Amino acid sequence: MWTLALRNILRHKSRTGMTLLAIVAGVVALVLSGGFVHDIVRQLGEVLIHSQSGHLQVSRTGYFERGARSPEKFLIANPEPIRKQIAAMPGVEDVMSRVYFAGLLNNGRSDLPIIGEGVDPAREARLGSGMVIKAGRVLRNNDAHGMMIGYDLAHALKLKPGDWATLVMNTADGALNSQEFQVIGVFQTFSKDYDARAVRIPLADAQDLLANQGVNTLVVSLKHTEDTAAVAAALTQKFSRAGLEVKTWLELNDFYTKAVKMYDVQFGVLRIIILLMVVLSVVNSVNMSVFERVGEFGTMMALGNRSRTVFGLIIAENAIIGLVGATLGIGLGIVLAWLISAIGIPMPPPPNADLSYTARIGVVPSVIMGAFAVGLIATVLAALLPAVRVYRIPVVDALRQNI
C-alpha cells in the first residue's frame with residue numbers, strides 16, 4: 001500500500017505540490033513564531049537576572065513577605081560563613097551580599113525618596129551584565145563614599161558623574177543618619193520604575209549608615225540558568241532549619257511570570273490559527289484530488305479491493321505528504337531562523353522599560369517537534385473526510401465517473 005501511495009503522490013505532481021506548499025508554509029510559520037517568542041522570554045529573564053535579582057536570593061524567613069518596609073528587622077547577622085558554604089556548592093558561580101534601605105537623596109536643592117542597596121562592587125559588576133551604564137562607570141571596591149544611581153533618578157535630580165548628593169536614612173534604632181556621596185555612574189535597567197528610585201552604594205558604607213554589620217540577602221549567581229530549580233532545592237534543604245528561605249528569580253520577578261503566560265496564550269492561539277489554515281488548505285487540495293480520482297477508486301473496488309483498503313490508501317498518501325512537508329518545513333524554518341538571527345530584529349523597549357533590544361529566532365527543540373507534529377497531524381486529519389466519502393460511495397456510482 002505504501003509503495004502504491006508513493007506512486008500516486010508522484011503521479012499527481014501539481015496537487016502534491018500545492019499541498020506541500022501549504023504544509024511547509026504553516027510549519028515554517030510555527031518554527032519562526034515559536035522561536036521568536038522563546039528568544040524574547042529568554043532575553044527578558046536574563047536581563048532581570050543580571051540587572052537586579054540574580055538567580056537565587058537567600059534571606060531570613062519572612063523577609064520577602066514582611067521585610068520591604070522594615071528590612072532592618074530581617075538581617076543575617078553573620079553572613080560570611082553562609083556565603084562561603086553557598087559559593088562552594090556545585091553550579092554556583094558567585095555569591096554576593098546585599099543590604100537594603102529606604103531614605104532620601106538630596107542634591108542641595110530638592111530631595112526624592114529612594115530605595116537603596118548596599119552591594120559588593122566587584123561581585124555586582126560581574127553579575128550586572130544586564131545593566132547598561134549610561135554615564136560614568138561601575139562602582140569599584142576602592143570607591144569609598146561613591147554611589148551609582150538610576151537613570152531616571154539622575155534626570156529628576158539633575159545629577160551626573162562627579163556630583164555630590166546627601167543620602168539620608170534611619171538606623172534600626174530610629175536615629176537619623178546622613179552621609180555625602182559622589183555619583184560614580186548612572187545606570188539603566190529593564191525596569192523604568194526601578195531606575196526612577198534606585199541608589200547603589202558600597203556595602204561597607206551602607207552598614208556604617210545603618211549602624212549594623214548584617215545583610216538582608218545573599219544573592220546567588222549560577223553558571224547556568226537551567227540549574228536554578230536544582231540549586232534552590234539543595235539550598236532549601238541545607239538552610240531551612242537555620243531560619244533561612246530561598247527564592248528563585250521566577251518568584252522574585254512577578255512581571256516575568258505574567259509576561260510568559262501572556263506569550264504562551266498568544267502563541268497557543270497562533271498555533272490553532274495556523275493549524276486551521278493548514279487543515280483547510282489541505283482539505284481543499286485533497287478534496288479536488290479525490291474527486292478527480294473517484295473513477296480510479298471505483299475500478300480498484302470493482303477488482304476486489306475493499307473500501308477500507310481505498311480508505312487506507314488515501315490516508316497513507318496524505319501521511320507521506322504530511323511527513324515530507326513537515327520535514328521540509330522544519331529544515332526551511334531552521335535555515336531562516338539562523339539567517340534572521342545573524343541579522344537580528346531591532347525591537348522597541350517593552351512596556352515600563354527604556355531599553356531597546358535585538359530579538360533573534362531561537363531554534364528550540366520543543367517548538368520544532370510541535371511544528372512537525374502540527375504539520376503531520378493536520379495533513380492526516382484533512383484527509384479523513386474525503387476518505388470517508390470515498391469509503392461510503394457505492395462501487396457502481398464510482399465507476400460511472402469513468403464514463
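I will talk about the two largest pockets of this model and then about one serine, S221. Please keep in mind throughout that the model is predicted.

Let me begin with the largest pocket, which has a volume of about 1,000 Å³. Its lining is made up of 30 residues, and the ones closest to the centre are Q52, Y100, I115, Y194 and L252. Several elements each supply at least two residues of this lining, among them the helices α2 (13–53) and α11 (254–292) and the strands β2 (92–106) and β3 (111–119), and the largest share, four residues, comes from β2. If we sort that lining by class, we find 14 nonpolar residues, eight polar and eight charged.

Turning to the second largest pocket, its volume is about 490 Å³, and of the 22 residues that line this pocket, those closest to the centre are V37, H38, V41, R42 and Y256. Here the elements giving two or more residues are α2, α10, α11 and α14 (365–392), with α2 giving the most, namely eight residues. By class, the lining of this second pocket divides into 11 nonpolar, six polar and five charged residues.

Finally, I come to S221, which sits in strand β9, spanning residues 217–222. Is S221 buried or exposed? The relative accessibility of S221 is 5%, and because the cut-off for buried is under 20%, S221 counts as buried. Leaving aside residues up to four places away in sequence, S221 touches H55, V92, E93, D94, M96 and L127.

How values were computed:
Residues are numbered from 1 along each chain as its sequence is written. This is a predicted model: local features need pLDDT of at least 70, side-chain atom pairs count only at pLDDT 80 or more; totals for chains, interfaces and linings use all residues. Side-chain values use heavy atoms; hydrogens and water are left out. Buried means under 20% relative accessible area, exposed over 50%, partly exposed in between (1.4 Å probe, protein chains only). Contact means heavy atoms within 4.5 Å. On a 1 Å grid over the protein atoms alone, a cavity is a set of points where a 1.4 Å probe fits but cannot get out, and a pocket is an open set with protein on both sides within 12 Å along at least five of seven lines; lining residues have an atom within 4 Å of a point. Grid points are joined across faces, edges and corners, and a volume is the space filled by probe spheres set on the points. Ala, Val, Leu, Ile, Met, Phe, Trp, Tyr, Cys and Pro count as nonpolar, Asp, Glu, Lys and Arg as charged, and the others, Gly among them, as polar.
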